[in-house]
Amino acid sequence: MSRPFRTRVATTATATTATTATAGATAVRRSRPYRGAAAVTLSAAAVLTLLGVGDSSAQVGKGVKEFGRVSVRSGVPAGAQRFAVSSPDLVNGRFPQSHWANAFGCDGGNQPLRLEWRGAPTGTRSFAVTMFDPDAPTGSGFWHWLVWDVPATATGLGATPPAGAVTGADDAGVQGYLGPCPPVGDRPHHYQINVYALDTPSLALPAATPAAVTAFSMSGHVIGHAQTTVLAAR
């Protein structure tokens, strides 16, 4: 009963390690099934490291846990037109202290960023703005800011949203802007500031709608997208 099992493992190990070092393949063929599986696992880990998706604990501060990564879809159709967004509040591409969070151990001013955009597509009937941190160790990122039903005539967002706009709840459950505050010693987080051009004048959602539900509702209406990414670390 055991011979077919050994044959299958040897075949699998040989095929798997064909693209790795010859020494590794030889070690697998000479090993028992258990040792062969271990050799294959180590080879896969080495490949992942070479691709830049393996262990990167060296990039994380001492004593800070390293977490795995998952991919999520953006909610932006592939054919959506790209346009530009910027902020006069960013200093050398960084958040000033006045725009950091005043929660989770941070003592910033938590002032919303002012945004300016241009080049939105014809047919835009409203805009939505979000700030999302895909590096938050939650398995689903962290929504810091959502504003929607911004009038189509707008070319930016000031400290106070325009009349008719809805300021949604972030992932902390609070309506309004929540600035960056990554864990101490963690790798730099990429805060994605997005502006969406929508083909509807209103999402017809209450302000308390969960952020993921708001993003899902927007995804069917996106005709244009602008993004700028800001790094932050502590």
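Is Ser140 buried, partly exposed or exposed? In this predicted model, Ser140 counts as partly exposed, at 46% relative accessibility. The residue belongs to the loop that runs between β4 and β5. Its C-alpha is 7.8 Å from that of Val72, although 68 residues separate Ser140 and Val72 in sequence.

Good morning, colleagues. I shall speak about a small sheet, then the nonpolar cores, then one glycine, and finally the pockets.

I begin with the sheet. Three strands make up an open sheet, ordered β2-β3-β6, with antiparallel pairing. At its edges are β2, residues 84–86, and β6, residues 156–157, each of which pairs on one side only. As a general reminder, the strands of a sheet pair through backbone hydrogen bonds, in either a parallel or an antiparallel manner. Here, β2 and β3, the latter spanning residues 115–118, run antiparallel and are joined by three bridges. Within that pairing, Ala84 stands opposite Arg118 of β3. On the β6 side, two bridges hold β3 and β6 in the antiparallel sense. There, the residue facing Glu116 is Gly156 of β6.

Which residues of β3 point to one face and are buried? They are Leu115 and Trp117, whereas Glu116 and Arg118 point to the other face and are not buried. The side chains along β3 therefore alternate, with burial on one face, for which the cut-off is under 20% relative accessible area.

Before leaving this region, I draw your attention to two asparagines. Asn92 is located in the loop between β2 and β3, and Asn110 has its place in the loop between β2 and β3 as well. Asn92 has a phi near 55 degrees, which is a positive value in a residue other than glycine. For Asn110, too, phi is near 55 degrees, again positive in a residue other than glycine. As to accessibility, Asn92 counts as exposed because its relative accessibility is 75%, while Asn110, at 16%, counts as buried.

I turn now to the nonpolar cores. In soluble globular proteins, nonpolar side chains tend to be buried together. The largest nonpolar core of this model contains 31 residues, and those with the most contacts inside it are Phe95, Leu115, Trp117, Trp145 and Val195. Two or more residues of this core come from each of β3, β4 (126–133), β5 (142–151), β8 and β9. Another core, of 16 residues, lies apart from it and includes Phe132, Tyr196, Leu198 and Met218.

Leu115 and Trp117, the buried residues of β3, thus reappear among the core residues with the most contacts. Val195 shows how this core is joined up: leaving aside residues up to four places away in sequence, it touches Phe83, Val85, Leu115, Trp117, Phe127, Ala128, Val129, Gly224, His225 and Ala226.

What is the relative accessible area of Gly224? The value is 0%, and Gly224 is therefore buried. Gly224 sits in strand β9. Beyond residues up to four places away in sequence, its contacts are Ala80, Gln81, Phe83, Pro121, Val195, Tyr196 and Ala197. Between Gly224 and Tyr196, the C-alpha to C-alpha distance is 5.8 Å, with their positions 28 residues apart in sequence.

Finally, the pockets. How much space lies in the largest pocket? The volume is about 450 Å³. This pocket is lined by 21 residues, and Arg73, Ser74, Gly75, Phe132 and Trp143 are the closest to its centre. Phe132 has already been named as a member of the core of 16 residues. At least two lining residues are supplied by each of β8 (189–198), α4 (211–219) and β9 (222–232). The largest share, five residues, belongs to α4. By class, this lining comprises eleven nonpolar, eight polar and two charged residues.

The second largest pocket has a volume of about 320 Å³. It is lined by 19 residues, of which Gly68, Arg69, Pro134, Asp135 and Ala136 are the closest to its centre. Its lining divides into seven nonpolar, six polar and six charged residues. Set side by side, the charged residues number two in the lining of the largest pocket and six in that of the second largest.

That concludes my presentation, and I thank you for your attention.

Conventions: Residues numbered from 1 in each chain as written. Predicted model: local features only at pLDDT ≥ 70, side-chain atom pairs only at ≥ 80, totals over all residues. Heavy atoms only, no water. 1 Å grid on protein atoms, 1.4 Å probe; cavity = no way out; pocket = protein on both sides within 12 Å on 5 of 7 lines; lining within 4 Å. Points joined across faces, edges and corners; volume = space filled by probe spheres on them. Helix = DSSP H or I, 4+ residues; strand = E, 2+ residues; numbered from the N terminus. Nonpolar A, V, L, I, M, F, W, Y, C, P; charged D, E, K, R; others polar. Pairing = 2+ DSSP bridges. Core = buried A, V, L, I, M, F, W, Y, C linked by side-chain atoms within 4.5 Å. Buried < 20%, exposed > 50% of the residue type's maximum accessible area, 1.4 Å probe, protein only. Contact = heavy atoms within 4.5 Å.
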